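Visitor: I'd like to learn how to read a structure like this one, feature by feature. Could you walk me through it?

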Amino acid sequence: VKGTVLSNQDINAATSAAEIEARAETFRECFHYLEAEIARVFVGQRDLVNHLLIGFFCQGHLLIEGLPGLGKTSLVRTLGEALNLRFSRIQCTPDLMPADVTGTNLLAETSDGLREFSFQRGPIFANIVLADELNRATPRTQAAFLEAMQECRVTVFGTTHRLEEPFSVFATQNPIEMEGTYPLPEAQLDRFFFKLTVRAPAGDELAEILNRTTGADRVHATPRFGIETVRSMADLVRRIKVSEPAMRLVQRILEATHPESPSAPAIVKKYVRYGASPRAAQAMTLAAKALALLAGRYHAASDDVRQVALPALNHRLIRNFHGEMEAVSTDAIVRGIVEAVGRDS
Amino acid sequence: MRRQAENTVPAADPDDVTLSRHLTRARRRVRLILSARYLVVAMSLVVAAVAVAIVWPMMGAAAAWAALVAGVLAVASACLRTPDVREIAATVDGRLHRADATVTAAALRGNRDPIARLIVRDAIAGLTNERMASVFPFELGRPAIVAAAATVVCIVVAAGVTEWRATESTASGGMRIASREDQTSSRPRPPQTGQEQATQSDSITAAAQSAPATTRVETDATRRTDSSQRETDLAQSERPTGLATAPSGDDRPRGSRGDRPLPSQARPDLGRTSSSGSGTSGTAGSGGPSSASRPDAGQTGASLRAQTARTGPVGGVRLEDGSEGAGGVQQGRLRADTMRATVPSAANYRQSYRAARTHVDAAIARDEVPLSRRTYVRDYFLAIAPRD
């Protein structure tokens with residue numbers, strides 16, 4: 001009978017829908033599990049943890065900025081432990097060489113007495129790479145991260161080596177000790193999915209940190225899930241749809257970051273020299289998808305975009321002379337943009 | 001072949017059909033609300049046009065056409081401006097805080113992707129228990145409310161203008177009569193000898209007798225003026241006497257309208273009045289017989305004066321000219337004859353008229369008489385006002 005015949009495609013679609021629902025449920029479970037595990041080690045700052053996990057499940061690279069001793073390294077390490085992923089840490093210093101990051105060919109003696117070059121993998125070959133104080137590395141070493149972060153591969157002596165996915169670089173930097181540092185160039189900053197700021201703990205949080213870290217027992221995250229789960233989650237995030245209003249909002253926000261744009265608010269025209277790149281729009285859209293999935297939806301909405309606009313844009317706006325002299329933060333500029341765009345829409 | 005192709009065509013997804021039904025329902029509801037809003041505006045325009053037509057009857061046709069065009073435009077606008085499905089879905093999302101679920105589902109109808117199916121299913125789940133009446137409550141909106149308020153103001157102003165016009169027309173009629181009387185009474189009259197008075201009276205009498213047709217055949221304008229005059233006379237007849245220009249011999253004011261006799265008083269004396277030749281003022285003195293044609297001419301001036309004082313002036317302004325001698329007698333007779341022909345009892349008629357007129361004025365003031373008939377009713381009552 002016409003109208004009741006189900007094609008194989010329909011049956012597959014129905015099956016896939018059930019599967020997707022199950023994967024979405026797993027995503028939420030995994031996300032909340034990671035939140036709980038990180039909360040055992042890292043006290044407070046739920047927004048920061050939330051954005052960190054969103055960025056990770058979107059397979060982005062995150063720049064974490066904060067004063068020393070705020071738990072940046074613990075945060076990232078706990079994430080790697082909880083997911084049972086390969087974790088490596090690179091302490092960046094001015095004498096750190098690119099080969100120290102990517103690895104190099106070493107002359108090694110084989111079992112039959114011959115000597116040959118074999119590639120010794122560097123710490124970049126991990127699922128979660130913590131580049132601690134990345135701004136202390138020389139530009140040459142920083143550039144070594146570029147290919148890895150963007151292409152998910154490294155080339156040593158003409159040989160390209162693929163990095164295993166999931167792959168995320170979590171770079172930290174200290175905002176106050178600028179002497180002897182090499183500020184990250186804009187091109188490299190743009191490769192970071194989010195820039196997150198770790199704030200100092202409040203009174204109650206500090207007491208909790210003292211209780212947890214000064215006792216006899218050291219808290220460790222319990223590994224759960226695995227590399228396949230993370231890949232599946234990352235794939236699911238990319239399959240989430242984006243609503244038309246959300247897409248338009250992303251477009252408007254991006255346009256508003258450019259001072260020469262007619263839709264740019266006054267704060268942008270006054271304090272911004274260069275606006276955000278399309279990579280920022282990609283970051284906002286992807287993060288909004290993850291946020292929607294976390295909220296139990298299969299489409300990203302405008303509110304999701306608004307929530308992720310700040311971490312996605314604050315390191316992609318380049319202030320002009322007036323902005324730097326008047327110490328106008330990029331956070332304030334991004335908030336002004338989101339407010340102006342929301343008011344106009 | 002075609003049959004096989006029809007069978008292989010994938011059936012429309014039930015979720016898509018359900019979602020479309022929900023959106024259609026919402027769209028229908030929005031169209032209804034929009035139509036109501038625009039119709040309120042259109043009806044306000046129509047009512048305003050009617051009010052304008054009442055205030056300015058000359059513009060009635062133009063106002064009616066304008067109202068008709070406005071109404072048609074309003075209905076057409078309501079139909080044309082009904083939002084499309086996407087806008088409806090966005091509005092539903094905004095009102096139900098559905099985070100773009102409906103608008104996304106509407107855009108993904110027909111999409112076979114499993115994620116799209118899930119989105120459509122979730123959107124339907126969110127809409128199933130929602131009543132469109134609660135999502136789109138019946139609100140007229142600010143423009144419609146403003147239009148309705150403006151209409152009320154327009155009606156009130158129109159009613160006020162109409163009332164003011166009626167009052168002004170009545171007042172201006174009275175003022176015209178009063179000014180004419182002032183001119184008549186303030187005009188200094190040269191002293192007349194008895195012969196002059198007799199000659200003048202005779203000429204007036206002759207004119208009155210020779211031109212009865214002009215007296216009876218009156219245009220509408222003159223009738224209206226006379227009606228206003230009669231109204232004024234009626235009002236002045238109720239004033240206390242003593243406003244005369246000069247006292248007569250029997251201490252009654254002469255020539256004053258206040259001492260005009262009631263028709264009931266005048267009618268029994270009509271024969272005598274007509275024969276006395278006293279006119280209205282009684283100032284003829286001992287002028288002797290005023291007219292040879294009168295059967296009982298030859299009464300003395302004193303008797304004439306007394307008779308005049310009792311009967312008073314007759315006919316108001318038009319009789320002023322005939323008041324100086326016996327010539328006015330003929331006019332008094334003519335008018336009395338006319339009255340007698342229509343009203344058997346002038347006193348009762350005056351009272352009845354006054355009561356009826358009071359009732360009519362009150363009815364007009366209460367808007368019980370249609371606006372289009374008020375002038376007619378007023379003219380009618382002016383026309384049947386009692387004559388002296």
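**Salt bridges first**

Guide: Let's start with a pair of charges: D235(A) and R23(A) join their side chains in a salt bridge, 2.9 Å from N to O. D235(A) belongs to helix α8 (residues 227-239) of chain A and R23(A) to helix α1 (residues 8-41) of chain A, so this pair ties together parts 212 residues apart in sequence. Keep in mind that this is a predicted model.

Visitor: Are the two partners buried or exposed, or something in between?

Guide: They differ in class. D235(A) is partly exposed at 36% relative accessibility, while R23(A) is buried, with a relative accessible area of 15%. The cut-off for buried is under 20%.

Visitor: Which other salt bridge involves helix α8 of chain A?

Guide: Look at R231(A) and E164(A), whose side chains meet in a salt bridge at 3.7 Å, N to O. R231(A) sits in helix α8 of chain A and E164(A) in the loop between β7 (159-162) and β8, so the pair links parts 67 residues apart in sequence. R231(A) is partly exposed at 31% relative accessibility, and E164(A) is partly exposed too, at 38%.

Visitor: How do I read a salt bridge within one helix, such as D303(A) with R306(A)?

Guide: Check the spacing along the sequence. D303(A) and R306(A) are three residues apart in helix α12 (residues 302-313) of chain A, so about one helical turn separates them. Their side chains form a salt bridge of 2.8 Å, N to O. D303(A) is partly exposed, with a relative accessible area of 45%, and R306(A) is partly exposed at 31%.

Visitor: Which residues are joined into one network by salt bridges that share partners?

Guide: E19(A), R23(A) and D235(A) are joined that way. Over all chains, the structure holds 26 salt bridges.

Visitor: What about cysteines? How many disulfides are there over all chains?

Guide: The general idea is that a disulfide is a covalent bond between the sulfur atoms of two cysteines. Here the count over all chains is zero. You can still look at individual cysteines: C30(A) is buried, with a relative accessible area of 0%, and C58(A) is buried at 4%.

Visitor: Let's take a buried polar residue. Where is S168(A) found?

Guide: S168(A) is in strand β8 (residues 168-173) of chain A. At 0% relative accessibility, S168(A) counts as buried. For a buried polar side chain, look for a polar partner: a polar atom of the S168(A) side chain lies 3.1 Å from the backbone oxygen of G60(A). Setting aside neighbours within four places in sequence, the contacts of S168(A) include F56(A), H61(A) and N127(A).

Visitor: And E255(A), which residues is it in contact with?

Guide: Leaving out neighbours within four places in sequence, E255(A) contacts S261(A) and S263(A). E255(A) is in helix α9 (residues 244-256) of chain A, and is partly exposed, with a relative accessible area of 44%. For a longer reach along the chain, compare C-alpha atoms: those of E255(A) and V341(A) are 9.8 Å apart, with their positions 86 residues apart along the chain.

Visitor: Over to chain B. Where is D16(B), and what does it touch?

Guide: D16(B) is in helix α2 (residues 14-55) of chain B. Not counting residues up to four places away in sequence, D16(B) touches R109(B), G110(B), R117(B) and V120(B). D16(B) is buried, with a relative accessible area of 10%.

Visitor: Which residues make the nonpolar surface patch?

Guide: L32(B), F138(B), L140(B) and I145(B) make it, with an area of about 370 Å². One of them, L140(B), is placed in the loop between α7 (132-135) and α8 (141-186) of chain B. L140(B) counts as partly exposed, at 31% relative accessibility.

Visitor: Finally, how do I read each chain as a whole?

Guide: Begin with secondary structure: chain A has 14 helices and 13 strands, whereas chain B has 17 helices and two strands. Next comes burial: 50% of the 345 residues in chain A are buried, and 38% of the 388 residues in chain B. Then take the surface. Chain A has an accessible surface of about 16300 Å², 52% of it from carbon and sulfur atoms; chain B has about 21200 Å², 60% of it from those atoms.

How values were computed. Residues numbered from 1 in each chain as written. Chains lettered and ligands numbered in written order. Predicted model: local features only at pLDDT ≥ 70, side-chain atom pairs only at ≥ 80, totals over all residues. Heavy atoms only, no water. Patch = residues over 30% accessible without salt bridge, like charges linked within 9 Å, V, L, I, M, F, W, Y side chains within 5 Å. Areas by Shrake-Rupley, 256 points an atom, 1.4 Å probe, with all protein chains shown as cover. Salt bridge = Lys/Arg side-chain N within 4 Å of Asp/Glu carboxyl O. Helix = DSSP H or I, 4+ residues; strand = E, 2+ residues; numbered from the N terminus. Buried < 20%, exposed > 50% of the residue type's maximum accessible area, 1.4 Å probe, protein only. Polar contact = N/O pair within 3.5 Å; in protein donor to acceptor, adjacent residues only side chain to side chain. Contact = heavy atoms within 4.5 Å. Disulfide = S-S within 2.5 Å.
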